Each structure stands twice: as C-alpha cells, then as structure tokens.
Amino acid sequence: MLFQRLVLGMMIAIAATISTQPSAFSQTNASNPTHTRLSEVGTSPTFSLHPPTHSQFKNSTQPRLSEIGMSTMMPTQMTESQMAPVQFSGGQAFFSHPPRLMRAYTSQSQAYVPSTYEFTLVVPSDAGQALKAVRIAQERNLETVKFDVGRSKAFAGARYASGAEIPLASIGGTSVPGEATIVFDQPVQPGSTVTVALEAKANPASGGIYEFGVTAFPVGEQSMSQFLGFGRLNFYTGGAQ
C-alpha cells in the first residue's frame with residue numbers, strides 16, 4: 001500500500017513538471033517578450049528601423065552643403081566676379097550680365113502730339129561693368145519720330161522724375177532722325193535702375209505700334225555694346241486710349 005502511494009506521488013510530480021515546460025519556453029524564447037528583436041526572428045541586424053536624422057550632421061539646424069554632396073565654391077566665385085570689371089585680354093570691356101530693358105512708356109498715346117518717351121533699364125548687381133551710355137533708335141516704320149535731343153533727361157528709378165536726376169555728359173543723334181545716344185556724366189553702377197526720357201516733337205501721325213531698339217554701352221573707350229531689345233509704343237489716331 002505504501003509503495004503504491006509513493007509511485008502515485010512520483011507520477012503526479014513528473015506530470016506537473018512536463019506541463020510547465022511550454023510556459024517557461026515562451027517567456028525565455030525572446031529576451032524582451034514585448035518588443036522582439038529583428039535578429040531574433042531572422043532579420044539582418046544591420047537594418048535600422050529608424051530613418052536618418054539631423055544628428056548625422058555637424059550642425060543639425062543647417063547642414064553644410066558638402067555634407068549632402070554639393071560644392072560650396074560657386075557662391076564664392078560669383079561674388080568675386082561681381083566685384084571685378086570684365087574685360088577681354090585686349091582691354092575691351094563688356095557686360096558679364098547685361099542690363100535689362102524693363103519698361104517703355106509714352107506720356108501721350110494720341111497721334112501727332114508732343115510726348116515724352118521713357119525707357120527704364122535695370123543694371124544687375126552682377127553686370128561686371130557700370131553703364132556709361134544708352135542708344136535708342138527707332139525701327140523703320142511709316143514715319144520717323146523726330147526727337148528734341150537737347151531736352152533729353154535721365155533719372156534714378158523706374159519712372160520719370162521718380163528719383164534724382166542724373167547729369168548727362170553728352171547727347172548725340174541730332175543728325176539722325178529717330179535716334180538718340182545718351183552718355184551719363186557718371187556711370188550708372190551695377191544694382192541700379194535708370195530711366196532715360198526723350199522728348200518727341202510729335203508722335204507719328206499714323207497710328208500703330210512703333211519699335212525702338214535699345215543698346216547699352218559699358219564704361220571704357222573700347223567697350224562692347226549690348227543690344228537689349230525693343231521698346232514698343234502704341235499710338236492711336238482717334239484720340240487718347
């Protein structure tokens with residue numbers, strides 16, 4: 001009887017041990033049962049779940065261009081070229097970035113009345129040269145405008161008398177109808193805007209669109225001119241529009 005009890009007790013103990021083994025394995029199978037490591041489920045441990053952050057750069061707020069594969073030399077070279085006059089080896093000056101014709105305007109659009117023609121130019125900061133002179137020449141049309149070149153003026157800014165008047169060294173074109181060359185007493189520096197005003201004795205009697213070619217000259221006796229484009233003025237025969 002005593003032997004049977006001992007055997008029964010041993011069997012109960014063995015059964016209890018076997019029943020607890022699966023539970024013990026499930027807890028020890030992963031080092032962190034809540035967030036299993038990738039290496040523990042067969043994924044390469046070199047793969048990162050977290051995307052790159054700004055902490056990879058020396059300055060996390062403003063990473064250097066060199067740290068993302070771009071050169072920082074270009075801005076420095078542009079700055080130096082803006083400061084140095086641009087010339088050919090023979091001393092001939094030219095614009096590295098020419099002025100822009102920004103505006104053409106007439107104070108009167110009615111045909112056959114006196115008017116002031118305005119041409120506004122912007123000299124960019126990286127022009128490489130100052131603006132010394134401007135030539136304005138009418139393209140061939142039904143009529144040719146006659147300028148009173150002696151009354152020509154120039155002003156700083158984008159409109160007639162919008163800024164200080166710029167003194168003129170000379171005015172050419174008295175012998176060529178429809179053309180005038182304005183030479184500034186002091187060159188217009190890069191980064192500036194200038195408006196040239198020409199006095200027309202009368203608008204064309206025939207209405208329509210009239211084009212005026214604008215050419216800029218940098219500083220220097222051997223300067224190379226740059227054609228900037230056409231300013232277009234529209235005139236009406238039936239009165240002001």
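Start by selecting Thr120, which lies in strand S2; helices (H or I, at least four residues) and strands (E, at least two) are DSSP runs, numbered from the N terminus. This is a predicted model, where local features need pLDDT of at least 70, side-chain atom pairs count only at pLDDT 80 or more, and totals for chains, interfaces and linings use all residues. Residues are numbered from 1 along each chain as its sequence is written, and side-chain values use heavy atoms, with hydrogens and water left out.

**Stop 1: around Thr120**

With Thr120 still selected, is the residue buried or exposed? Thr120 is buried, because its relative accessible area is 0%. Buried here means under 20% relative accessible area, exposed means over 50%, and partly exposed lies in between (1.4 Å probe, protein chains only). Now show the contacts of Thr120, leaving aside neighbours within four places in sequence: they include Arg100, Leu101, Met102 and Arg103, and also Gly157, Ala158, Thr193, Val194 and Thr195. Contact means heavy atoms within 4.5 Å.

**Stop 2: the whole chain**

Zoom out and colour by secondary structure. You should find 2 helices and 9 strands in the protein chain, in the sequence pattern α-α-β-β-β-β-β-β-β-β-β. Of the 241 residues, 27% are buried. Among contacts between residues at least 6 apart in sequence, 68% join residues at least 24 apart.

**Stop 3: the four-stranded sheet**

Next, select S1, S2, S7 and S4. These 4 strands form an open sheet in the order S1-S2-S7-S4, with antiparallel pairing. Two strands count as paired if DSSP finds at least two bridges between them. At the edges sit strand S1 (100–106) and strand S4 (153–156), each pairing on one side only. Neighbouring strands of this sheet are turned by 20° against each other on average, direction ignored; axes are lines fitted to C-alpha atoms, for helices over the stretch in contact, and angles run from 0 to 180 degrees between N-to-C directions. Look along S4 and S7, which are antiparallel and joined by 4 bridges. Which residue in S7 is the bridge partner of Ala156? It is Val194.

**Stop 4: a salt bridge between S1 and S2**

Stay in this sheet and show the side chains of Arg103 and Glu118, which meet in a salt bridge (3.0 Å, N to O). A salt bridge is a side-chain nitrogen of Lys or Arg within 4 Å of a carboxyl oxygen of Asp or Glu. Arg103 is in strand S1 and Glu118 in strand S2, 15 residues apart, and the pair links distant parts of the chain. Arg103 is buried, with a relative accessible area of 14%, and Glu118 is buried at 6%.

**Stop 5: the five-stranded sheet**

Switch the selection to S5, S6, S3, S8 and S9. These 5 strands form an open sheet in the order S5-S6-S3-S8-S9, and the pairing is antiparallel. The edge strands are strand S5 (168–172) and S9, each pairing on one side only. S5 and S6 pair over 4 bridges in the antiparallel sense, and Ser170 stands opposite Val183 in S6.

The structure holds 2 salt bridges. One of them is here: the side chains of Glu211 and Arg232 meet at 2.7 Å, N to O. Glu211 belongs to strand S8 and Arg232 to strand S9, 21 residues apart. Glu211 is partly exposed, with a relative accessible area of 24%.

**Stop 6: aromatic rings**

Now select Tyr117, Phe119, Phe147, Tyr210, Phe212 and Phe235, which form one aromatic cluster. Rings of Phe, Tyr and Trp (its six-membered ring) pair if their centres lie within 6.5 Å; planes under 30 degrees apart count as stacked, over 60 as edge-to-face and the rest as tilted. The structure holds 8 aromatic pairs. Take Tyr210 and Phe235: the ring centres are 5.8 Å apart and the planes at 65°, so this pair is edge-to-face. Tyr210 is buried, with a relative accessible area of 1%, as is Phe235 at 2%.

**Stop 7: the nonpolar core**

Finish with the largest nonpolar core, which has 29 residues; Tyr117, Leu131, Phe184 and Phe212 touch the most other members. Such a core is a set of buried Ala, Val, Leu, Ile, Met, Phe, Trp, Tyr and Cys residues joined through side-chain atoms within 4.5 Å. Strands that each supply at least two residues include S2 (115–123), S3 (131–138) and S6 (179–188). Centre on Phe184 last: not counting residues up to four places away in sequence, Phe184 touches residues including Leu131, Val134, Ala154, Ile166, Val194 and Val196.
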